[in-house]
Amino acid sequence: MCDENKEDSKGSDNDIEDLGSDCDSDDSSRARRKKYPIFKLLKDMSNYKWEVGTYFTTKEDFKEAIVTYAVHSGRDLSCSREYHVKLLKTKWLSKRLQNSLKTNPRMKLKDIKEKVQKRWNVGVNKTKAIRDRFAARDMVDGSFLGDYTRVYDYAHELLRSNPISTCKVGVQPAQEGSDVQNLHFKRLYICLAACKESFKLSRHFIGLDGCFLKGLCGGQILASIGRDPNDQMLPIAFAVVESENKDSWTWFLELLIDDLGGREECLTYTFISDQQNV
């Protein structure tokens with residue numbers, strides 16, 4: 001009996017030892033397991049401390065981090081700082097120039113070179129500056145072109161928020177013989193109700209003029225201006241058209257006359273223009 005109890009006790013001791021060793025191995029594996037940080041692009045990467053095991057969600061995030069660090073630190077991933085960083089590519093720099101080109105569409109090449117030198121203390125040559133400006137303009141103008149697909153949404157929202165206003169959208173086929181559903185923007189006419197009613201209480205003098213739209217899409221704005229009861233400038237209606245010609249002016253004035261009460265009512269109005277041929 002005593003021997004059996006001793007054997008049982010030895011067996012139980014071995015079991016305890018085995019359980020203990022398992023727990024120790026789990027604890028040690030947890031201790032060795034390291035939680036790698038997820039990379040976050042900083043506004044200033046010049047003094048970023050790289051850490052082994054940093055996790056990047058995509059390959060593009062990793063490439064963006066490398067290029068941004070190289071430009072901000074000016075080291076081109078080498079020991080010494082360099083003025084001309086090879087990793088400074090058109091794709092990276094054009095993204096940083098978008099806001100500048102939105103505020104200043106006529107941004108010059110020397111302005112781009114000065115901006116890069118002042119902000120990151122690196123240099124770009126004339127050829128690279130030209131490519132960067134073209135790429136940035138494509139990004140900016142591309143968003144402008146995409147907005148034309150939502151012109152109907154804009155018109156409906158304008159009429160919803162400004163009842164009794166007038167908003168007319170003119171479209172045309174992209175090419176002759178193309179699908180009827182494939183339409184391109186041509187013209188837009190807007191006359192806000194508040195401006196229209198304010199003009200009816202003012203002196204019936206209307207100034208007509210047009211001006212160019214500078215940008216990728218081009219076109220012109222046709223406008224009719226009056227004076228409000230406080231003798232201040234009052235925009236009555238305006239239109240965005242493809243060009244200033246007889247057809248576009250006729251389309252604009254016919255809509256304006258309808259908004260102001262019709263032809264009979266407008267016979268009492270005085271229209272002033274710069275006497276251009278159109």
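Arginine 96 and glutamate 64 form a salt bridge in this predicted model, with their closest N and O atoms 2.8 Å apart. The pair joins distant parts of the chain: arginine 96 belongs to helix H3 (residues 90-96), glutamate 64 belongs to helix H2 (residues 59-73), and 32 residues separate them. A further residue takes part here, since Glu64, Lys95 and Arg96 are linked in a network of salt bridges. Across the whole structure, a search finds nine salt bridges.

Two more of these pairs can be followed along the chain. Glutamate 157 forms a salt bridge with arginine 160, and the closest N and O atoms of this pair are 2.5 Å apart. Both residues lie in helix H7 (residues 151-161), three residues apart, which is about one turn of the helix. Glutamate 157 has a relative accessible area of 39% and is therefore partly exposed. Arginine 160, at 57% relative accessibility, counts as exposed. The other pair is arginine 150 with aspartate 153, whose side chains meet in a salt bridge at 3.4 Å from N to O. Here arginine 150 counts as exposed because its relative accessibility is 54%, while aspartate 153 has a relative accessible area of 43% and so is partly exposed.

The setting for these details is a protein with 10 helices and six strands. It has 278 residues, and buried residues make up 30% of them. Of the contacts with a separation of 6 or more, 50% are between residues 24 or more positions apart.

Some of the strands can be traced through their pairing. Strand E1 (residues 166-173) and strand E2 (residues 183-191) run antiparallel to each other and pair over eight bridges. One point in this pairing is glycine 170, whose bridge partner in E2 is arginine 187. E2 also pairs with E5 in the antiparallel sense, over three bridges. At tyrosine 189, the bridge partner in E5 is alanine 239.

The chain just before E5 holds a charged residue that deserves a closer look. Aspartate 228 is placed in the loop between strand E4 (220-227) and E5. What is the nearest side chain of opposite charge to aspartate 228, and how far away is it? It is that of arginine 227, at 6.9 Å, and aspartate 228 is buried without a salt bridge. A salt bridge requires a side-chain nitrogen of Lys or Arg within 4 Å of a carboxyl oxygen of Asp or Glu, so a distance of 6.9 Å does not qualify.

The side chain of aspartate 228 does have polar atoms of the backbone beside it. One of its polar atoms lies 3.0 Å from the backbone nitrogen of asparagine 230. The side chain of aspartate 228 also reaches the backbone nitrogen of glutamine 232, at 2.7 Å. Once neighbours within four places in sequence are left aside, aspartate 228 is in contact with Ser198, Ser202 and Leu234.

The loop between E4 and E5 also contains aspartate 231. Its phi is near 60°, a positive value in a residue other than glycine. Is aspartate 231 buried or partly exposed? Its relative accessible area is 41%, so aspartate 231 is partly exposed.

A positive phi is also found at asparagine 121, where the angle is about 60° although the residue is not a glycine. Asparagine 121 lies in the loop between helix H5 (109-120) and helix H6 (126-147). Asparagine 121 counts as partly exposed because its relative accessibility is 38%.

It remains to say how confident the prediction is. The mean pLDDT of the protein is 81, and 82% of its residues reach 70 or more. Where is confidence lowest, and where is it highest? It is lowest in helix H1 (residues 2-32), at a mean of 47, and highest in strand E5 (residues 233-241), at 95. Over residues 4-23, pLDDT stays under 50, and the model has zero contacts beyond four places in sequence for these residues.

Conventions
Residues are numbered from 1 along each chain as its sequence is written. This is a predicted model: local features need pLDDT of at least 70, side-chain atom pairs count only at pLDDT 80 or more; totals for chains, interfaces and linings use all residues. Side-chain values use heavy atoms; hydrogens and water are left out. pLDDT is the predictor's confidence in each residue, from 0 to 100. Helices (H or I, at least four residues) and strands (E, at least two) are DSSP runs, numbered from the N terminus. Contact means heavy atoms within 4.5 Å. Two strands pair if DSSP finds at least two bridges between them. Buried means under 20% relative accessible area, exposed over 50%, partly exposed in between (1.4 Å probe, protein chains only). Lys and Arg count as positive and Asp and Glu as negative; His and the chain ends are not counted. A polar contact is a pair of N or O atoms within 3.5 Å; within protein, one must be able to donate a hydrogen and the other to accept it, and residues adjacent in sequence count only if both atoms are side-chain atoms.
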